[in-house]
Amino acid sequence: MSSPTPSSSSTPPVPSPLTSFPTYHPQLLTALSSATKLASSLPPDVDFHRSLDRRFARTVDSCAGRLLALAEELLRYSSASASDEKDGKDGKGKAREVLLRDREDVEDRFGAVVDVTDSLLERADTALDEMMGRVSKPLVEVKEPARRRETARPKQLITPSGKLAPEILNARIPKPQLLFPHPPNNYPPAHWHPQLRSKPHALVPLGWKAEGEDAVLLEGRKTAHPYALEIVRSQPPQGALAPAVPREPKGFGETPFAWVDTTEKLSEMLEQLRTAKEIAIDLEHHDYRSYWGIVCLMQVSTREGDWVVDTLALREELEVLNDVFADPSIVKVLHGAHMDIIWLQRDLNLYIVNLFDTYHASRTLSFPAFSLAFLLEFYCNYKADKRFQLADWRIRPLPQEMLDYARSDTHFLLYVYDQIRNDLLQRADGRPELVQKVFDLSKDVALQFWEPERYDAHGEGPNGFNRLATKWNKHFFGAKEAAYRAIHAWRDRIAREEDESLRYVLPNHQLFALAEQCPRDGKGVLKCLQGTFSLSQSKVDELVELIRSTLDLEKDKERERREKAVEVEMKSLQIDNATAKGDPSNRFALLRSAEDEVMEVAGEELPVSLPSVDIWGTAGDSIAASSSSLFGTALLTSNHTIPTIVAHSSSLFGNALPSSSSEQDARFKATIEQVHSSLFLAPTVIPLTETKSAPEIVTAAATAEVPFVPKSARQTKEAQDDRNTIVVVGQKGNKKRKRELQLDDIVAASTSAAPAAETAGPDDLAEDQFPKTSAEDGAFDYSALPNLLDDDPATLGKKKSKKQRKNKSKASFQSSDFKKPPKPRTEPKTGNRSMTFK
């Protein structure tokens with residue numbers, strides 16, 4: 001393409017067709033660096049400088065036009081040569097135009113600039129990887145075999161939306177477990193043990209119990225595991241701890257393959273597996289139409305061939321594979337074998353010794369992802385369609401697409417094992433520590449031991465109602481809690497009886513809907529079961545009867561609890577009567593009886609022994625400690641005592657006490673004495689009397705209570721004779737601001753002498769606002785303080801003036817945190833106060 005003629009020396013020279021890229025590359029970098037520095041040195045307010053200098057404006061416009069034209073030409077060229085474009089046209093058949101005329105075009109079409117730039121960078125990255133040998137073609141091309149199996153599979157396995165067809169997700173076929181010689185037992189016995197008939201490659205026989213060094217070696221592990229000691233003592237082969245040249249797998253068409261569904265084919269596969277040093281294993285499981293779940297397929301691969309075993313047809317005969325699976329000289333390679341180990345034990349009685357889990361290897365290497373799909377793509381450049389992972393693997397005959405997917409899980413796994421083992425050795429600088437670490441972590445996986453789960457009535461098991469409610473953040477109380485537990489137990493019982501999964505019998509969202517609404521009729525139950533199909537929709541009558549009986553039983557229990565509560569209340573009343581009559585023995589017996597009732601209502605057992613201390617006993621019956629950790633055993637030996645000031649009278653009760661000896665008068669008398677002993681006395685300093693006897697009761701030196709003196713009876717200063725006072729008329733005096741009465745003024749007035757109050761000036765506070773003081777003892781005169789009772793009762797009912805009402809309305813409560821609420825919408829609006837409309 002042609003290039004505009006450079007107008008300055010800073011423009012990079014355009015290479016001729018004969019110029020090589022290594023020669024032009026340094027010149028291009030120099031020109032780009034110079035242009036970047038010049039662009040960075042431009043002032044941020046270019047538009048302002050354009051308005052000041054027209055010559056500068058023309059220069060900027062000319063440079064901007066050349067840059068926009070060059071950028072537009074580059075974008076068009078890149079778009080035309082992109083792989084997703086055809087002859088410079090988009091999918092609609094129109095030429096794709098990238099017009100960059102001004103700043104607005106750059107801002108509006110900036111997305112197109114970014115897309116083209118990303119595409120260029122990706123293509124450059126790919127080209128560099130190919131040049132350096134980082135990218136290679138797929139090692140194995142998965143092609144359909146020339147002779148396809150005759151299968152009655154659906155016409156289309158994957159729908160246009162990218163999802164699996166319904167016939168693949170949940171096939172409508174008879175349940176295979178109905179044809180098993182030994183159907184699954186969903187009600188395991190109390191003392192369950194593995195049904196293993198023989199133990200190849202055994203170090204100890206079946207039923208062996210760990211003792212001595214073996215017990216220390218298996219400490220904290222499941223000793224009931226039949227191969228626990230063999231797994232712990234196993235060591236990886238010598239070749240597994242050294243680097244090896246990865247052996248690339250062959251294509252599907254070039255690798256021998258066999259579908260194993262008879263005992264004869266199983267024997268042939270077993271003979272070939274005995275000669276292998278490493279084998280790759282994977283399982284396909286189905287758990288929607290079975291309570292425990294069933295293993296449907298087992299894929300096995302060696303360096304020489306692949307096998308897919310029909311575990312539904314050979315369920316009872318596959319235990320012979322322990323001759324290979326338990327052989328410590330053969331490495332078993334699995335990925336994410338946590339559940340595979342459990343499924344092999346539960347369905348096939350198979351145990352694995354000397355396991356290498358590639359999941360733990362990827363974790364040790366800190367890969368960005370740890371799935372098998374990532375490892376296949378990373379090491380083999382093979383992308384597996386993981387949508388078939390959710391397929392129904394009970395389908396027979398198996399569709400070819402599903403068979404290829406199952407085969408690919410183990411076909412590449414041994415090559416991944418070689419590559420990831422070399423990476424572990426390289427990470428450790430050739431030392432086998434990391435490889436040994438993966439083997440040790442894999443031992444913990446192989447030591448898992450499957451035991452059948454029983455229903456936990458306390459709700460704490462893996463599928464317990466407490467854990468399920470916590471997971472869904474649901475909380476039930478009372479009758480709803482009882483209904484939730486009953487429905488949860490019913491679902492588990494039906495699933496075990498019908499050999500169906502819990503979610504097939506009753507999904508969790510339908511379970512919580514029933515517990516929250518507690519419908520008592522079939523219509524309400526069906527309303528809660530809407531949405532998805534479940535087996536409970538055919539058992540509506542059972543659910544209705546279950547919910548009704550549970551609610552009725554809970555109602556009866558609630559009534560019994562209320563009756564028990566009433567009985568306990570009656571017992572407490574009897575205790576109060578016994579206390580009033582002074583019969584402590586009868587009171588204690590009734591108290592013990594009430595405690596028994598409370599325990600019975602709460603559903604708890606009575607403790608073995610109760611303390612014999614009467615909590616309602618007198619002071620003489622109380623238990624006192626002679627020492628403590630705070631004060632120790634030291635007692636006060638000083639002869640100084642503090643006198644107790646007791647008031648014998650008050651203005652509230654006077655000094656008259658009831659003379660009757662009745663029980664009610666005795667209580668009233670004790671109450672009056674307690675009130676008098678706690679009255680606040682005037683703050684007069686009283687000398688303490690030293691004596692060795694009990695504290696002295698001081699009554700003479702203390703005033704019982706400060707009496708209230710009405711305002712009319714208080715002593716006021718005599719009015720001065722103002723007949724000789726000269727009054728100046730016609731002169732405006734300076735009006736002084738009234739001072740508010742503060743606490744400091746009161747204190748100052750109380751401490752001042754009496755003559756000073758008489759000589760107070762006219763600018764001081766009014767005399768009746770100060771409390772009177774005594775010059776002899778300096779006691780504070782509380783009677784002179786302003787009192788709330790000084791208000792004239794005659795003025796309480798009078799109507800206040802308009803000014804007072806206005807000031808009161810201004811002093812309404814208003815807080816910065818709680819604003820005045822807005823007026824309600826129902827209140828009629830006032831007139832045009834703003835005078836906006838005239």
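How many helices and strands does the secondary structure of the chain come to? The count is 27 helices and eight strands. The structure is a predicted model, and everything below describes that model. The chain has 838 residues, of which 31% count as buried. Contacts between residues at least 6 apart in sequence can also be sorted by how far apart the partners are along the chain. Of these contacts, 68% join residues at least 24 apart.

A good place to begin is the sheet. Six strands form an open sheet, and their order is β1-β4-β3-β2-β5-β6. The pairing in this sheet is mixed. In general, strands of a sheet pair through backbone hydrogen bonds, and the pairing is either parallel or antiparallel. The edge strands are β1, residues 257-260, and β6, residues 355-357, and each of them pairs on one side only. On average, neighbouring strands of the sheet are turned by 25° against each other, with direction ignored.

Now look at the β6 end of the sheet. Strand β5, residues 331-334, runs parallel to β6, and three bridges join the two. Leu 334 has Asp 357 in β6 as its bridge partner. Helix α16 lies across both β5 and β6, and runs at about 105° to β6.

Just before β6 comes a residue with an unusual backbone label. Asn 354 is found in the loop between α11, residues 338-348, and β6. Its phi is positive, about 65°, although Asn 354 is not a glycine. Is Asn 354 buried or exposed? Asn 354 counts as buried because its relative accessibility is 4%, and the cut-off for buried is under 20%.

A residue with a similar description sits in another loop, the one between α15, residues 413-427, and α16. This is Asp 429, which is not a glycine either and has a positive phi of about 60°. Asp 429 has a relative accessible area of 63%, so it is exposed; the cut-off for exposed is over 50%.

Helix α11, which precedes the loop of Asn 354, contains Ile 341. Ile 341 has a relative accessible area of 3% and is therefore buried. Which residues is Ile 341 in contact with, leaving aside its neighbours within four places in sequence? They are Ile 352, Leu 355, Val 445, Ala 446 and Gln 448. Ile 341 can also be compared with Leu 447: the two are 106 residues apart in sequence, while their C-alpha atoms are 8.6 Å apart in space.

The next topic is empty space inside the model. A search of the whole structure finds two cavities of 30 Å³ or more. The largest cavity holds about 80 Å³ of space. It is lined by 13 residues, and those closest to its centre are Tyr 291, Glu 453, Tyr 455, Asn 463 and Asp 492. Helix α18, residues 479-498, gives the most to this lining, with four residues. Sorted by class, the lining of the largest cavity has six charged, four polar and three nonpolar residues.

The second largest cavity has a volume of about 50 Å³. Its lining includes Asn 354 and Leu 355, and Asn 354 is the buried loop residue described above. The other lining residues are Ile 231, Ser 234, Gln 235, Pro 236, Phe 439, Ser 442 and Lys 443. Which helix provides the largest share of this lining? The answer is α16, residues 433-446, with three residues. By class, the lining of the second largest cavity has four nonpolar, four polar and one charged residues.

Two further places complete the tour. One is the loop between α13, residues 372-380, and α14, residues 400-411, where Pro 397 is found. A cis peptide bond joins Arg 396 and Pro 397, with omega at about -5°. The other is helix α20, residues 508-517, in which Gln 510, Leu 511, Phe 512, Ala 513, Leu 514 and Ala 515 are buried. An α-helix has 3.6 residues a turn, so residues three or four places apart point the same way. After α20 comes Cys 518, which has a positive phi near 50°.

How values were computed:
Residues are numbered from 1 along each chain as its sequence is written. This is a predicted model: local features need pLDDT of at least 70, side-chain atom pairs count only at pLDDT 80 or more; totals for chains, interfaces and linings use all residues. Side-chain values use heavy atoms; hydrogens and water are left out. On a 1 Å grid over the protein atoms alone, a cavity is a set of points where a 1.4 Å probe fits but cannot get out, and a pocket is an open set with protein on both sides within 12 Å along at least five of seven lines; lining residues have an atom within 4 Å of a point. Grid points are joined across faces, edges and corners, and a volume is the space filled by probe spheres set on the points. Ala, Val, Leu, Ile, Met, Phe, Trp, Tyr, Cys and Pro count as nonpolar, Asp, Glu, Lys and Arg as charged, and the others, Gly among them, as polar. Two strands pair if DSSP finds at least two bridges between them. Axes are lines fitted to C-alpha atoms, for helices over the stretch in contact, and angles run from 0 to 180 degrees between N-to-C directions. Contact means heavy atoms within 4.5 Å. Buried means under 20% relative accessible area, exposed over 50%, partly exposed in between (1.4 Å probe, protein chains only).
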